[in-house]
Amino acid sequence: MAVFCNLLCGGSALDDSRLIDTQQLPIRLQVLHVSRSCITFYAFSSTRVLKMPITREAVDQLIASDKVVIFSKTTCPYCKMAKEVFDKLKQSYTAIELDKRDDADEIQDILGEITGARTVPRVFLNKEFIGGGTDVKKLYESGELAKKL
């Protein structure tokens with residue numbers, strides 16, 4: 001199994017040997033490119049790749065990462081509806097596009113536990129679940145959403 005990875009270095013050029021002790025990993029790394037902000041490396045293993053499951057705590061951190069967080073899918077019309085509302089209000093938001101993630105099903109299961117449904121969009125304002133696309137549109141049209149912002 002082979003994987004290309006980027007490792008952000010916070011803007012400083014660092015020697016890859018100081019970042020990763022490859023003797024401690026069950027994989028071998030080949031550095032492909034080093035820039036001031038990123039190291040790109042090729043990881044390969046003759047064993048197996050361990051997939052770390054996303055946790056409730058990780059989803060809570062995503063929810064807390066911005067004032068407005070929208071769990072979305074790029075082709076979903078209700079997700080587009082929710083985003084358009086915040087665009088009209090000139091309110092920035094973080095959109096977590098689940099159809100571009102390998103852990104989408106796990107995230108949706110956790111969102112189901114948190115909100116009572118695993119459908120998208122799942123919209124959070126100040127860490128509080130406020131609904132899906134139709135709910136957000138109704139809050140906008142009633143003026144309640146602007147008050148919550």
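Is Phe129 buried, exposed or partly exposed? In the predicted model examined here, Phe129 has a relative accessible area of 27% and is therefore partly exposed. The setting of this residue is described below, beginning with the sheet.

Four strands, in the order β5-β4-β6-β7, make up an open sheet with mixed pairing. The edges are occupied by β5 (94-97) and β7 (128-131); each has a single partner strand, so one side of each is left without a neighbour in the sheet. On average, and with direction ignored, neighbouring strands are turned by 25° against each other. Strand β4, which comprises residues 68-72, pairs with β5 in the parallel sense over 4 bridges. Within this pairing, Val69 stands opposite Thr94 of β5.

Two helices were found to pack on the sheet. Helix α2 (residues 56-64) touches β4, β5 and β6 (122-125), and its direction makes about 125° with that of β4. Helix α3 (residues 77-88) touches β4, β5, β6 and β7, its direction making about 160° with that of β4.

A search of the whole structure yielded 3 aromatic pairs. One of them is formed by Phe71 and Phe124, in an edge-to-face arrangement with 5.9 Å from centre to centre and 80° between the planes. Because Phe71 belongs to strand β4 and Phe124 to strand β6, this pair ties together parts that are 53 residues apart in sequence. Both Phe71 and Phe124 are buried, the relative accessibility of Phe124 being 2%. Phe124 also pairs with Phe129; this pair is tilted, at 5.5 Å centre to centre and 55° between the planes. Phe71, Phe124 and Phe129 thus belong to one aromatic cluster, in which Phe124 is buried and Phe129 partly exposed.

Side chains of opposite charge can pair when their charged atoms come close. In this model, the count of salt bridges comes to 6. Among them is the bridge between Asp60 and Arg56, whose closest N and O atoms are 3.3 Å apart. These two residues lie 4 residues apart in helix α2 and are separated by about one helical turn. Asp60 is partly exposed, at 34% relative accessible area, and Arg56 is partly exposed at 38%.

Further salt bridges involve Arg118. Its closest N and O atoms with Asp105 are 4.0 Å apart. Asp105 lies in helix α4 (residues 104-115) and Arg118 in the loop between α4 and β6, so the pair ties together parts that are 13 residues apart in sequence. Arg118 additionally meets Asp109 in a salt bridge of 3.0 Å, N to O. Arg118 is partly exposed, with 36% relative accessibility, and Asp109 is partly exposed at 41%. Through shared partners, Asp105, Asp109 and Arg118 are joined into one network.

How values were computed
Residues numbered from 1 in each chain as written. Predicted model: local features only at pLDDT ≥ 70, side-chain atom pairs only at ≥ 80, totals over all residues. Heavy atoms only, no water. Pairing = 2+ DSSP bridges. Axes fitted to C-alpha atoms, helices over the stretch in contact; angles between N-to-C directions. Contact = heavy atoms within 4.5 Å. Phe/Tyr/Trp six-rings, centres within 6.5 Å; stacked < 30°, edge-to-face > 60°. Buried < 20%, exposed > 50% of the residue type's maximum accessible area, 1.4 Å probe, protein only. Salt bridge = Lys/Arg side-chain N within 4 Å of Asp/Glu carboxyl O.
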